[in-house]
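Biologist: I am new to this structure. Please take me through one part of it closely: where the chains meet.

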Amino acid sequence: MTEITENEDAHEFRSEAVSLWRITFAPLIWAVHFAACYGATALVCAKDGAVDGLRLGIGIGTGVALVAIVWLGWQAWQQWDLVRDRDWENDQGTGEDRHQFLGHAAFLLAVISFIGVSYVALPALLIGTCR
Amino acid sequence: MLRTLVALAGVLLLPACGEGRQSVLNPSGRDALLLYDLALVMFVGALVLWLLVGGLFVYVTRINPREMSRGLAEGLIVGGGVLFPVVLLGGLLVYSLPLMQAPREAGEGMRVHITAEQWWWRVEYELPDGSRVTSANELRLPVGQRTGLVLNAHRVIHAFWVPALGGKADMIPGRETYLSFLPESAGTYRGQCAEFCGASHALMAFETVVMEPEDFEAWLAAEARDATPPQTQEATRGAQVFAREGCGSCHTVRGTQAVGQVGPDLTHMGSRVSLGAGILGVTPPDFANWIAHTETLKPEVAMPSYDHLSPDDLTALAAYLGGLQ
């Protein structure tokens, strides 16, 4: 292996390390939103049952989470680059394919995170009682 | 094939055989009706989905087994596999979640505190001044009013369920849970403990008597009064047996020396519709049978069988308890 390809590998790995982190962001938002909703509901209902403020808070938090997930999803969609090359699988093992595959995975995770965050918020927004 | 169809029809028609006193298919309260409609919507929705998926499967494997175009296949996966279920499940959530609120609201009417014991129900009606009228093993509700139920349990977990009137709620020691009923037609509906709670779990039932509001008010006023003194010679002797055997150390008969809190309040036992938490009637032979054979009729119950009592004593006790109107 020559020095040049070693450098290329190192460079490629560095750039993909960012994508690798990026695919965890949407599920992370989902997890934080889930824990925050359930934790806050348990606390408020155990203390004074003042659900109006809680519902407003969950509504705002959900809005912020969804906007962030949509933004991450849009970034991932562009990285996947499906519309230009119509390549669904990216199975060639090249640097470009790895890059696009990570975009593909991040996009699907953003979709499932969007659904998860929406469904977690629905009970809080539609049921106005701790009971 | 025909036999299967007949069996299936039999299963579907089975609920029609009973009186529907303990059936979700005989909704007699606002909440039970909501749940019934919800179940119907879900069932029909599931049926439509099943037919759709099955039909599609038959179409692509039998009727038109050609290779699909890339666009159609992708559309089917994204549309049928992602968008359609997300929208459908979202719609069902938006439709069903708000329905869960009303059965948990306190309502504008009375509050009743129900504590599950092994294996009977302590029932206390909260009056507007905050005082409580104690009864047991029977719930009376006014028709057309939403009554709040505050549920609790002693020692082990139970669950409160009157299928014809509404949903089910866990009863947890040390923690209050809530349910409320809005009965829509007068009648008697059977309730049953719906969470295994020990040897006699299956024998832990009760009757819910839904009454016209004015009848209910009259009944509650009567229930709040102390016990009527024995009216006959037989009943008077029964009261003596009751005192002699120490029944009052576990049972309360308001207006007498009997102030026990361990077992059900017996102040108006004679006016109830069942005995032993929904397992016997309230005729004199039922009382005698229950007192002499409690441990046989309800395994592991706290009350011992008073099988040492003579038939005369049992008859007298039955007359006394039956007279507690």
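Modeller: What follows looks at the contact between the chains, then turns briefly to the cavities. Keep in mind that this is a predicted model.

Start with who takes part. Chain A brings 12 residues to the contact, and chain B brings 17 residues. The size of an interface is often given as the accessible area lost when the parts come together. Here, chain A and chain B bury about 1,300 Å² between them. Carbon and sulfur atoms give 68% of that area.

Now look at the chain A side. Three residues stand out there: A:Y119, A:L126 and A:R131. Together they supply 49% of the area that chain A buries against chain B, more than any other three residues. By class, the side of chain A that touches chain B has 7 nonpolar, 2 polar and 3 charged residues.

Next, the specific links. The count of salt bridges between chain A and chain B is 0. Polar contact joins 2 residue pairs across the two chains, counting pairs with both residues at pLDDT 80 or more.

Last, the empty space. The count comes to 3 cavities of 30 Å³ or more. The largest cavity has a volume of about 40 Å³. Its lining is made by A:R22, A:I23, A:A26, A:L72, A:A76, A:A106 and A:A110. In chain A, α1 (3-47), α2 (51-80) and α4 (95-126) each give two or more residues to that lining. The largest share, 3 residues, comes from α1(A). By class, the lining of the largest cavity holds 6 nonpolar residues, no polar ones and 1 charged residue.

Technical notes
Residues numbered from 1 in each chain as written. Chains lettered and ligands numbered in written order. Predicted model: local features only at pLDDT ≥ 70, side-chain atom pairs only at ≥ 80, totals over all residues. Heavy atoms only, no water. Contact = heavy atoms within 4.5 Å. Buried area = accessible area lost by both parts, 1.4 Å probe. Salt bridge = Lys/Arg side-chain N within 4 Å of Asp/Glu carboxyl O. Polar contact = N/O pair within 3.5 Å; in protein donor to acceptor, adjacent residues only side chain to side chain. Nonpolar A, V, L, I, M, F, W, Y, C, P; charged D, E, K, R; others polar. 1 Å grid on protein atoms, 1.4 Å probe; cavity = no way out; pocket = protein on both sides within 12 Å on 5 of 7 lines; lining within 4 Å. Points joined across faces, edges and corners; volume = space filled by probe spheres on them. Helix = DSSP H or I, 4+ residues; strand = E, 2+ residues; numbered from the N terminus.
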